[in-house]
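Colleague: Please give me a close look at one part of this model. I should like you to begin with a single residue and then work outward through the elements around it.

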Amino acid sequence: MTTNDRYLAHGPRVGIRHFTGADRDEFTALARQSAELHRPWLFPPAEDAAYDAYLLRLREPEREGFLICELADGRIAGYLTVNNIVHGAFRCGAIGYGAFAHAAGRGLMSEGVRLVLHHAFGEMGLHRLEVNVQPANERSIALVKRAGFRLEGFSPDFLFIDGAWRDHERWAITAEMVAGETV
């Protein structure tokens, strides 16, 4: 299997591909190892049953999930999901993502996000992607800024995370904002 066969798209260091059942052990182990990095922002599935339920949700038509993998060894560096996909005149989705501890701070997520943006605006036929980020999550805000998202607003008490309703900044990007760019 060549790199081009394995991945939906790839850049210099990472490729993106869909989640599979075979990824359960690696993904859940990385989620457990990265718990300190993720808290209090996100809670990826860290146990087998939670991963299996997550994988089932990603098969729903309004969702699509991507693993961001290092090309050198195929190891999962992070993940990105497109949720609440609406077609028709709206052609929009909301993304969520996370890096794993071994990959954090190495630019792999930036490359992976750009690959997913091109895939979403090309193959998936979307026009707009939004991401909601808690204001104190500086790393996540830096990631969306690097990817070219624009700040569009503030949503108080937007998402129920870690036992409380959390405020979020709303960031968005459109197909025109990345047209002609390469990864």
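Modeller: Asparagine 84 is exposed, because its relative accessible area of 51% lies over the 50% cut-off for that class. Please bear in mind throughout that this is a predicted model. Asparagine 84 belongs to strand β4, and its backbone deserves attention: phi is positive, at about 50 degrees, although the residue is not a glycine. The strand that holds asparagine 84 is itself largely enclosed by the rest of the structure, because nine of the 11 residues of β4 are buried. The exposure of asparagine 84 should therefore be read against that largely enclosed strand.

The strand has a partner on either side, and I take β3 before β5. β3 covers residues 64-70 and β4 covers residues 76-86; the two run antiparallel and are joined by six bridges. Within this pair, phenylalanine 66 stands opposite leucine 80 of β4, and isoleucine 68 has glycine 78 of β4 as its bridge partner. The hairpin of β3 and β4 has five residues between the strands, and glycine 74 in that hairpin adopts a positive phi near 80 degrees.

On the β5 side, the pairing with β4 is again antiparallel, here with seven bridges. One of the paired positions is valine 86, whose bridge partner in β5 is cysteine 92. These two strands also form a hairpin, with five residues between them, and glycine 88 in its turn has a positive phi of about 75 degrees. As general background, the strands of a sheet pair through backbone hydrogen bonds, in either a parallel or an antiparallel manner.

Moving outward, β4 takes its place in an open sheet of eight strands with mixed pairing, in the order β1-β2-β3-β4-β5-β6-β8-β7. The edges are formed by β1 (9-10) and β7 (150-161), each of which pairs on one side only. The edge strand β7 contains aspartate 157, another residue other than glycine with a positive phi, in this case near 50 degrees.

Helices pack around this framework. Helix α6, residues 138-147, packs on the sheet and touches β5 (92-99), β6 (128-133) and β8 (164-174), and its direction makes about 15 degrees with that of β8. Helix α6 also meets helix α5 (residues 108-121): their axes come within 10 Å and cross at roughly 50 degrees. That angle makes α5 oblique to α6, and the crossing is right-handed. On the α5 side the contact is made by Met109, Ser110, Val113, Arg114 and Leu117, and on the α6 side by Leu143, Arg146 and Ala147. By class, the residues of this contact are five nonpolar, one polar and two charged.

A second helix pair may be set beside that one. Helix α2 (residues 24-33) packs with α4 at an angle of about 115 degrees, and their axes lie 10 Å apart. The two helices are therefore roughly perpendicular to each other, and they too cross in the right-handed sense. Arg24, Asp25, Phe27 and Thr28 of α2 meet Asp48, Tyr51 and Asp52 of α4. By class, the contact of α2 with α4 has two nonpolar, one polar and four charged residues.

Of the residues in that contact, aspartate 52 merits a closer word. It sits in helix α4 (residues 48-58) and is partly exposed, because its relative accessible area of 30% falls between the 20% and 50% cut-offs. Aspartate 52 is separated from glycine 21 by 31 residues in sequence, yet the C-alpha to C-alpha distance between them is 7.3 Å.

A final backbone feature belongs to the loop between α3 (35-38) and α4, where proline 40 lies. The peptide bond that joins arginine 39 and proline 40 is cis, with omega of about 5 degrees.

To return to the starting point, asparagine 84 is exposed and has a positive phi, in a strand of which nine of the 11 residues are buried.

Note on methods:
Residues are numbered from 1 along each chain as its sequence is written. This is a predicted model: local features need pLDDT of at least 70, side-chain atom pairs count only at pLDDT 80 or more; totals for chains, interfaces and linings use all residues. Side-chain values use heavy atoms; hydrogens and water are left out. Two strands pair if DSSP finds at least two bridges between them. Helices (H or I, at least four residues) and strands (E, at least two) are DSSP runs, numbered from the N terminus. Contact means heavy atoms within 4.5 Å. Axes are lines fitted to C-alpha atoms, for helices over the stretch in contact, and angles run from 0 to 180 degrees between N-to-C directions. Angles under 35 degrees count as roughly parallel, over 145 as roughly antiparallel, 65 to 115 as roughly perpendicular and the rest as oblique. A crossing is left-handed if the near helix is turned anticlockwise from the far one by less than a right angle, and right-handed if clockwise. Ala, Val, Leu, Ile, Met, Phe, Trp, Tyr, Cys and Pro count as nonpolar, Asp, Glu, Lys and Arg as charged, and the others, Gly among them, as polar. Buried means under 20% relative accessible area, exposed over 50%, partly exposed in between (1.4 Å probe, protein chains only).
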